[in-house]
Amino acid sequence: MASLEDRPEPESKEKSFASDKTMDDKYNVEAAEIRANEALRLPISEAIPIYEQLLTLFPTAAKYWKQYVEAHMAVNNDDATKQIFSRCLLNCFQVPLWRCYIRFIRKANDKKGLDGQDETKKAFDFMLSYVGVSYHSTLMDVIDVYTVLLWIGLYI
């Protein structure tokens, strides 16, 4: 007879629910949220297939794009981060995703001095040219971006 320690742990209800629901109805937002939360707890190498699946089903979900790119940023995988941004920015005009992009650009250019500041300013201008005309952005979002610009000294 096997002891309790020898038995495999049963799969969590949340995990099996997400897998079952994803298979039954691929556009089930509740199951997608569970999968996204599951990906947060995994190493990025294991989470990539989950993010790719979610983004195949929900290609304009800025929340999932941001979560995916932040997972790569956390492990300093700049090449993957750039690739993900190139896939999502022009399809998702959500300000939080673009702020994440600016945060990445600032970090990447931080040690480049004036050249880095110029590149960061260009990235802000790029963002404003797209997000500023988007119906997803609000006046307060744009004001918030300009406040950040003033704070770091790019538009003084």
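This passage describes the nonpolar core of a predicted model and selected residues in its helices.

The largest nonpolar core comprises 34 residues. Those with the most contacts inside this core are Y64, W65, Y68, F85, L89, L97 and Y101. Six helices each give two or more residues to the core: α2 (29-40), α3 (44-57), α4 (62-74), α5 (78-88), α6 (95-109) and α7 (113-131).

W65 is one of the residues with the most contacts inside the core. Beyond its neighbours within four places in sequence, W65 contacts L55, P59, T60, I84, R87, C88, C92 and L97. Of these partners, L97 is also listed among the residues with the most contacts in the core.

Q67 lies in helix α4. Its relative accessibility is 10%, under the 20% cut-off, so Q67 counts as buried. With neighbours within four places in sequence set aside, the contacts of Q67 are A36, N37, A39, L40 and Y51.

Helix α6 has 15 residues. At 1.5 Å a residue, α6 should span 21 Å. The end C-alpha atoms are 21 Å apart, so the model agrees with the expected span. Buried positions in α6 are V95, L97, W98, C100, Y101, I102, F104, I105 and N109. L97 and Y101 thus appear both in this buried set and among the residues with the most contacts in the core.

T120 is located in helix α7. This residue counts as buried because its relative accessibility is 6%, where buried means under 20%. T120 and A108 are 12 residues apart along the chain, and their C-alpha atoms are separated by 9.0 Å.

Conventions. Residues are numbered from 1 along each chain as its sequence is written. This is a predicted model: local features need pLDDT of at least 70, side-chain atom pairs count only at pLDDT 80 or more; totals for chains, interfaces and linings use all residues. Side-chain values use heavy atoms; hydrogens and water are left out. A nonpolar core is a set of buried Ala, Val, Leu, Ile, Met, Phe, Trp, Tyr and Cys residues joined through side-chain atoms within 4.5 Å. Buried means under 20% relative accessible area, exposed over 50%, partly exposed in between (1.4 Å probe, protein chains only). Helices (H or I, at least four residues) and strands (E, at least two) are DSSP runs, numbered from the N terminus. Contact means heavy atoms within 4.5 Å. The expected span of a helix is 1.5 Å times one less than its number of residues.
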